[in-house]
Amino acid sequence: MTTNWSRPNPSGDTLNVTTSTLSLTVADVDASREFFCAHLGYRVAMAADGFASLTRGDDAAADVVLLRRGIEVLPPEQRDQQAAGLIFALTVTDIEAEERRLRESGAPITMPLREEPWGERLLQLTDPNRIVVQLVEWTTPDEPAHTEHTGQAEHAG
């Protein structure tokens, strides 16, 4: 049996996405808000008790909504869940410059810059609520980029 995964929806219309937003339930909204604003260039679009909507506004990064765990706007079965097992990946340019900037700002780099054989260059940060943010830059696998590693980078964590 062959499955056709590219079949259009029954109405024949296509999905028109205007914005992508990642909604995360966290214990401490303020801590994650400060992390995203200080280290990743987000700014607060809206905020209230137990809620913050963050945007970068001028690039392709997804917006981020932070909801306090237990907040009543969530359905009861979702209120006690917390962001876990998720990696929020952002594709960037000049990842070495980003790593330097992040180190200089004291960002919690939990996986130093590395390059995979298939051409993915990446590093990871972890926010105070254990949200993992991965910065990625792609290279041509047969032309590896040269990564500047320092002793400090090798032992970060």
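**From one bridge pair to the whole fold**

The bridge partner of Met 111 in strand 7 is Gln 124. This pairing is a good place to enter the model, which is predicted. Met 111 itself lies in strand 6, residues 109–115. Its relative accessibility is 13%, so Met 111 counts as buried, the cut-off being under 20%. Leaving aside residues up to four places away in sequence, Met 111 touches Leu 122, Leu 123 and Gln 124. Met 111 and Leu 122 are 11 residues apart along the chain, and their C-alpha atoms are separated by 8.4 Å.

Now widen the view to the two strands. Strand 6 pairs with strand 7, residues 120–126, in the antiparallel sense over four bridges. Ile 109 stands opposite Leu 125 in strand 7. The two strands form a hairpin with four residues between them. In that hairpin, Gly 119 takes a positive phi near 100°.

The hairpin belongs to an open sheet. Four strands make up this sheet, in the order 5-8-7-6, and the pairing is mixed. Strand 5 (87–91) and strand 6 stand at the edges; each has a single partner strand, so one side of each is left without a neighbour in the sheet. On average, neighbouring strands of this sheet are turned by 15° against each other, direction ignored.

Two helices pack on this sheet. Helix 1 touches strand 5, strand 7 and strand 8 (132–138), and its direction makes about 25° with that of strand 8. Helix 2, residues 95–104, touches strand 6, strand 7 and strand 8. The direction of helix 2 makes about 160° with that of strand 6.

Helix 1 deserves a closer look. How far apart should the ends of its 12 residues be, at 1.5 Å a residue? The expected span for residues 29–40 is 16 Å; the end C-alpha atoms are 16 Å apart, which agrees. At the start of helix 1, a side-chain oxygen of Asp 28 comes to within 3.2 Å of the backbone nitrogen of Asp 30. Just after the helix, Gly 41 takes a positive phi of about 75°. Which residues of helix 1 are buried? They are Val 29, Ala 31, Ser 32, Arg 33, Phe 35, Phe 36, His 39 and Leu 40. An α-helix has 3.6 residues a turn, so residues three or four places apart point the same way. Ser 32, Phe 35, Phe 36 and His 39 are among the buried residues.

Further along the chain comes another set of paired strands. Strand 2 (residues 43–48) and strand 3 (residues 51–55) pair in the antiparallel sense over five bridges. Met 46 has Ser 53 in strand 3 as its bridge partner. Strands 2 and 3 form a hairpin with two residues between them, and Gly 50 in the turn has a positive phi of about 80°. Strand 3 also pairs with strand 4, residues 63–68, again in the antiparallel sense, over four bridges. Here Leu 54 stands opposite Val 64. Strand 3 is mostly covered, with four of its five residues buried.

Last, the chain as a whole. It has three helices and eight strands. Along the sequence they follow the pattern β-α-β-β-β-β-α-β-β-β-α. Of its 157 residues, 38% count as buried. Among contacts between residues at least 6 apart in sequence, 51% join residues at least 24 apart. The accessible surface of the chain comes to about 9,900 Å², and 50% of that belongs to carbon and sulfur atoms.

Technical notes
Residues numbered from 1 in each chain as written. Predicted model: local features only at pLDDT ≥ 70, side-chain atom pairs only at ≥ 80, totals over all residues. Heavy atoms only, no water. Expected span 1.5 Å × (residues − 1). Buried < 20%, exposed > 50% of the residue type's maximum accessible area, 1.4 Å probe, protein only. Polar contact = N/O pair within 3.5 Å; in protein donor to acceptor, adjacent residues only side chain to side chain. Contact = heavy atoms within 4.5 Å. Pairing = 2+ DSSP bridges. Axes fitted to C-alpha atoms, helices over the stretch in contact; angles between N-to-C directions. Areas by Shrake-Rupley, 256 points an atom, 1.4 Å probe, with all protein chains shown as cover.
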